[in-house]
Number of protein chains: 2
Amino acid sequence: MNVLAETDAAYIAGFLDGDGSINVRLKPNKAYRFDFQIAPNIVFYQSKKGLSVLNRLMEIIGGGKIRLRNDGIAEYTIGDTDTMINLINQIMPYLILKKDQASLLMAVLKRKENLTTKKEFLKVVKLIDSYKQLNYSKRRKNDFNLVSAQLEQSKKEV
Amino acid sequence: MNVLAETDAAYIAGFLDGDGSINVRLKPNKAYRFDFQIAPNIVFYQSKKGLSVLNRLMEIIGGGKIRLRNDGIAEYTIGDTDTMINLINQIMPYLILKKDQASLLMAVLKRKENLTTKKEFLKVVKLIDSYKQLNYSKRRKNDFNLVSAQLEQSKKEV
């Protein structure tokens, strides 16, 4: 991840506020210690015709991947922890709309690497639940209640 | 219109590139000398939940109006010529995606105030037609062909 010029950081903050998303999902995945993967990302969207701006953003930021969806939308996704921390640190002063999502992402990113107990893990799940309010997502189904119930039933030693 | 801090100008450029529009429409209006009103504007969109960021933008920019549409989208529209020229001048260095639309808007704004002949007017209409390409608009129906045909038929002395 590059060090950004102030105006590049401000531009990216504006672009993200206008048409991007900061999110953390919980994906069921038995390969993970607590049966769920904590999957945070930062995504910038554009219709295919705006692909050039996503390429430019990737160049400025220095990380992430662009993919073209079948519905004609291009997505530039950053999912790497270090890049996300670095990016949020640099654009935070300029964010207006998504400041809370960014703070929450930082809190999750900082905790997720050192989770040793189920209690700690469930604390982070609770934190992730608060995105529901921020992103007005109705589709989020892997929340604290579901995850904690499933961990109770799990025979894995955690 | 305010003088913007560099990072505010860059933020606005990013927001506009991400989720805004720069456009010029030709509206049939017999009150105007050439039967059509040249109606340029710059619009920032957000869902209702993002209204706060539009209010903040309006505060930073110092001009324009916010309205809530029936479909739940909030629009912050700037239609005043001086404000648009001033804003474009300040954000131009930071625009990536909408640089061409912004240049075209400037060309139209600078010419539209001093149109005395039909020939001059139709030149501007031709300029406006080039937005079709830039904005990929298929709905635009008041184009050069229609306007010039209508002016031919018009009994107004222009």
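**Figure 1. A:S47 and its partner across two strands of chain A.** Let us start with one small pairing: A:S47 has A:I73 of β4(A) as its bridge partner. This is a predicted model, so please read each view with that in mind. The wider setting is the pairing of β2(A) with β4(A), which is antiparallel and extends over 6 bridges. Strands in a sheet pair through backbone hydrogen bonds, and the sense can be parallel or antiparallel.

**Figure 2. The β3–β4 hairpin of chain A.** Here β3(A) meets strand β4 (residues 73-78) of chain A; the two run antiparallel and are joined by 4 bridges. You can follow the pairing residue by residue: A:K65 stands opposite A:T77 in β4(A), and A:R67 has A:E75 of β4(A) as its bridge partner. Between the two strands of this hairpin there are 4 residues. Look for A:G72 in this view, which takes a positive phi near 90°.

**Figure 3. The whole sheet of chain A.** Stepping back, we find 4 strands of chain A in an open sheet with antiparallel pairing, in the order β1-β2-β4-β3. Which strands stand at the edges? They are β1 (20-28) and β3 (65-68) of chain A, and each has a single partner strand, so one side of each is left without a neighbour in the sheet. From one strand to the next, the twist averages 35°.

**Figure 4. A helix on the sheet of chain A.** Helix α3 (residues 81-91) of chain A packs on the sheet, where it touches β1, β2 (36-47) and β4 of chain A. Compare the direction of this helix with that of β2(A): the angle is about 55°.

**Figure 5. The sheet of chain B.** Chain B has an open sheet of 4 strands too, with antiparallel pairing and the order β1-β2-β4-β3. Its edge strands are β1 (20-28) and β3 (65-68) of chain B, each of which pairs on one side only. The twist here averages 35° from one strand to the next. For a closer look, try β1(B) and strand β2 (residues 36-47) of chain B, an antiparallel pair with 9 bridges. In this region B:R25 stands opposite B:A39 in β2(B).

**Figure 6. Two helices across the sheet of chain B.** Helix α1 (residues 6-19) of chain B lies across β1 and β2 of chain B and runs at about 95° to β2(B). Helix α2 (residues 51-61) of chain B lies across β2, β3 and β4 (73-78) of chain B, and its angle to β4(B) is about 10°.

**Figure 7. Where chain A meets chain B.** The last view brings the two chains together: 22 residues of chain A are in contact with 22 residues of chain B. The size of an interface is often given as the accessible area lost when the parts come together. Between chain A and chain B, the buried area is about 1,700 Å², and carbon and sulfur atoms give 74% of this. The count of salt bridges between the two chains is 0, while 4 residue pairs are in polar contact across the interface. On the side of chain A that touches chain B, the elements giving two or more residues are α1 (6-19) and α2 (51-61) of chain A. Which element gives the most to this side? It is α1(A), with 10 residues. By class, this side of chain A has 10 nonpolar, 7 polar and 5 charged residues.

Key:
Residues are numbered from 1 along each chain as its sequence is written. Chains are lettered from A and ligands numbered from 1 in the order in which they are written. This is a predicted model: local features need pLDDT of at least 70, side-chain atom pairs count only at pLDDT 80 or more; totals for chains, interfaces and linings use all residues. Side-chain values use heavy atoms; hydrogens and water are left out. Contact means heavy atoms within 4.5 Å. Buried area is the accessible area (1.4 Å probe) that two parts lose on being put together, summed over both. A salt bridge is a side-chain nitrogen of Lys or Arg within 4 Å of a carboxyl oxygen of Asp or Glu. A polar contact is a pair of N or O atoms within 3.5 Å; within protein, one must be able to donate a hydrogen and the other to accept it, and residues adjacent in sequence count only if both atoms are side-chain atoms. Ala, Val, Leu, Ile, Met, Phe, Trp, Tyr, Cys and Pro count as nonpolar, Asp, Glu, Lys and Arg as charged, and the others, Gly among them, as polar. Two strands pair if DSSP finds at least two bridges between them. Axes are lines fitted to C-alpha atoms, for helices over the stretch in contact, and angles run from 0 to 180 degrees between N-to-C directions.
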